[in-house]
Amino acid sequence: MATPGMGMLDGGVPTAQPPGTDMTGICFRDQLWLNTYPLDRNLVFDYFALSPFYDWTSNNEQLRMRSHHPLDSSQLTKMIGIEYVLSEVMEPHLFIMKKQKRDSPDKVTPMLAYYILDGSIYQAPQLSNVFAARIGRALYYIEKAFTTAASKLEKIGYVDSENETTIPEPKVAKETIDLKEIKRVDHILASLQRKLPPAPPPPPFPEGYVPPSTAETEKGPETQEAAESLAPTVDPILDQGPAKRMKF
């Protein structure tokens, strides 16, 4: 797998990246090597040495040149400088390689960590970078939540202000005619009309009272027209029953 940013020494040997170079966005995988050799604790360092993460000036490389195993701890403790150690192994899926600086046989300073997962090599991010990324992500979602809440509150306040300024419309204009309700009321009125007894006859006229019909016959046509104009109003229940209501 070709990796950008790698230099080459004489003889085709790749150079190490300068200190401080962030290589967490790089993934190395050599499928040809994986198809040829098994990936175990004895050969995993040779596979790791093919990646751009490997420092060719490390103590491990010096041991390889002396025909020693590059992970021989008995030899590494006698040297000073950059070295790689295999810390965790779960063959054949996971290998964790640590890069550290040895100052004395008993004093080492951790620098970086790499993990080989199913043949792919990655640089593990530093803990400070992980915390910074998680905090940044949390702050992003918190800010987004506050922005959404603020926009909703603005809409609610805008609607309330509109409701306060607008003049309330009469309820009659907002009411809609429900045909089912009209039919139900008509049915109730018709059933009540059938159940109620007939109206009693009117009481007798008092003495000396002349019925309007008799007076109309004695008067002229003008007075009769005036009397007709004063006819009793139509009863909205009895004279405009269910059969006489307007159809919608």
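Hi everyone, let's begin with one pair of residues: Leu94 has Leu117 of strand 4 as its bridge partner. Helices and strands here are DSSP runs, numbered from the N terminus (helices are H or I with at least four residues, strands are E with at least two).

Before going on, a word about the model. This is a predicted model, where local features need pLDDT of at least 70 and side-chain atom pairs count only at pLDDT 80 or more, while totals for chains, interfaces and linings use all residues. Residues are numbered from 1 along each chain as its sequence is written, and side-chain values use heavy atoms, with hydrogens and water left out.

How confident is the predictor? On pLDDT, the predictor's confidence in each residue from 0 to 100, the protein chain averages 76, and 67% of the residues score at least 70. Residues 1-14 fall below 50, and this stretch has 20 contacts in the model beyond near neighbours in sequence. Contact means heavy atoms within 4.5 Å.

Back to the strands. Strand 3 (residues 94-104) and strand 4 (residues 107-117) run antiparallel and are joined by ten bridges. Two strands count as paired if DSSP finds at least two bridges between them. Which order do the strands take in the sheet? The sheet is open, with five strands in the order 1-5-4-3-2 and antiparallel pairing. At the edges are strand 1 (27-28) and strand 2 (81-90), each pairing on one side only. The protein chain also has nine helices beside its five strands.

Now for two residues that are covered up. Gln123 sits in strand 5 (residues 120-123). Is Gln123 buried or exposed? Gln123 counts as buried because its relative accessibility is 7%; buried means under 20% relative accessible area, exposed over 50%, and partly exposed in between (1.4 Å probe, protein chains only). Leaving aside neighbours within four places in sequence, its contacts include Met23, Phe53 and Tyr115.

Ser51 is in the loop between helix 2 (44-48) and helix 3 (59-65). At 1% relative accessibility, Ser51 is buried too. Not counting residues up to four places away in sequence, Ser51 touches Phe28 and Ile121. Across the protein chain, buried residues make up 19% of the 248 residues.

Finally, contacts along the chain. Of the contacts with a separation of 6 or more, 41% are between residues 24 or more positions apart. And one last placement for your viewer: Leu139 is in helix 5 (residues 127-165). Thanks for listening!
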